[in-house]
Amino acid sequence: MNCYFHPEMSSEVQCKSCRKELCGECHDPEIPGYCFFCSLEYRNNEFDRLTNKSESELNVHKIIGWYEIIGGIVGLLLIIFGGKREEILDNAVTTTYFILFILLYLISILAGLLLLKEDKMGKRLSIFIQFLQAPHFFVRGIYFSFVAGAHLSVQFFYGWIFQMKFGIVSEFHLKTGSFFYIPSVAINLIPVIIIYLLIKPRKGADL
């Protein structure tokens, strides 16, 4: 068959989009298998897809950023006005305990601010602070729980009995000693989802 645009020349390929027969001069070498008109449309569609994806990723980062900022602020307010100020000066261990969680809530706020600015460090800090919020456990006299925001936890007890727990207020616990609690491990699903949302766009961008 002959070229659609140059009838005097033999066809080398058929456009994958419009199905026109094309000679060697009429198909786009940068996008093999397309005529120049269809390759232009292909480029425009690809640009729109990447632009929409970028806007979608930006919106996700903004939501997560504000979530981390609000969660961090609420956590700090709980420490300052939660009726535990006297405990901070009680002894060195307790003071260290509160300083630790103050730093973690400040990191949450900083991660949120950097995400809003689309700083690369914001994504790394967010993954770090969310990773710390995923596990909650009480094992061998150690009780750990850290939430900067909300939590939707699946809690497993001895014998693989489990229950769901939900809360919308930041909380923090790091205690040691002999408590009358059944050993348990919980996974907070909200930070797991947030980490997935932060990692997924980056994987998609590499394809």
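Select Tyr-105 and Phe-146 to begin, and note that both residues are buried in this predicted model. Their rings form an aromatic pair of the tilted kind, with 5.2 Å from centre to centre and 55° between the planes. Because Tyr-105 lies in helix α3 (residues 92-116) and Phe-146 in strand β4 (residues 142-147), the pair ties together parts that are 41 residues apart in sequence.

Keep those two residues selected and add Ile-79, Phe-101 and Phe-172, since these five are the residues with the most contacts inside the largest nonpolar core, which has 13 residues. Colouring by element is helpful here, as α1, α3 and β4 each supply at least two residues of this core. Which element gives the largest share of the core? That element is α3, from which six residues come. A second core, separate from this one, has nine residues, and among them are Cys-15, Cys-23, Ile-31 and Cys-38.

Now step back to the whole chain. The protein chain has five helices and eight strands, and, read from the N terminus on, its elements follow the order β-β-α-α-α-α-β-β-β-β-β-β-α. Of its 207 residues, 34% count as buried.

Next, go towards the start of the chain and select Tyr-4, Phe-5 and Phe-37, which ring pairs link into a cluster. The structure holds four aromatic pairs, and one of them is made by Tyr-4 and Phe-5, whose rings meet edge-to-face at 5.1 Å centre to centre, with 85° between the planes. Are these two residues buried or exposed? Tyr-4 is exposed, with a relative accessible area of 52%, while Phe-5 is partly exposed, with a relative accessible area of 33%. Add Lys-20 to the selection, and its charged end can be found over the ring of Tyr-4, 5.1 Å from the centre of that ring.

One residue before Lys-20 in the numbering is the next stop, Arg-19, which is found in the loop between β1 (13-14) and β2. Arg-19 is not a glycine, although its phi is positive, at about 70°. Most residues other than glycine have a negative phi. With a relative accessibility of 48%, Arg-19 counts as partly exposed.

A second residue of this kind is Glu-118, whose place is in the loop between α3 and α4 (120-133). Its phi is near 60°, which is again a positive value in a residue other than glycine, and at 39% relative accessibility Glu-118 counts as partly exposed.

Move on to Pro-32, which lies in the loop between β2 (21-22) and α1 (36-81). Pro-32 is exposed, with a relative accessible area of 54%. If you draw a distance from its C-alpha to that of Lys-16, the value is 9.2 Å, for two residues that are 16 apart in sequence.

For the surface, select Leu-78, Leu-152, Met-164, Phe-166, Ile-168 and Val-169, which together make a nonpolar patch of about 570 Å². Within this patch, Leu-152 can be singled out as a residue of strand β5 (residues 151-157). How accessible is Leu-152? At 31% relative accessibility, Leu-152 counts as partly exposed.

Two further stops show residues from separate parts of the sequence. Val-185 has its place in strand β8 (residues 184-188) and counts as partly exposed, at 38% relative accessibility. Select Tyr-143 together with Val-185, and the C-alpha to C-alpha distance is 9.8 Å, while the two residues are 42 apart in sequence.

End the tour at Val-192, which is found in helix α5 (residues 189-206). This valine counts as partly exposed, at 39% relative accessibility. Its partner for the last distance is Phe-131, which is 61 residues away from Val-192 in sequence and 7.4 Å away in space, C-alpha to C-alpha.

Technical notes:
Residues numbered from 1 in each chain as written. Predicted model: local features only at pLDDT ≥ 70, side-chain atom pairs only at ≥ 80, totals over all residues. Heavy atoms only, no water. Phe/Tyr/Trp six-rings, centres within 6.5 Å; stacked < 30°, edge-to-face > 60°. Buried < 20%, exposed > 50% of the residue type's maximum accessible area, 1.4 Å probe, protein only. Helix = DSSP H or I, 4+ residues; strand = E, 2+ residues; numbered from the N terminus. Lys NZ or Arg CZ within 6 Å of the ring centre and 35° of its normal. Patch = residues over 30% accessible without salt bridge, like charges linked within 9 Å, V, L, I, M, F, W, Y side chains within 5 Å. Areas by Shrake-Rupley, 256 points an atom, 1.4 Å probe, with all protein chains shown as cover. Salt bridge = Lys/Arg side-chain N within 4 Å of Asp/Glu carboxyl O. Core = buried A, V, L, I, M, F, W, Y, C linked by side-chain atoms within 4.5 Å.
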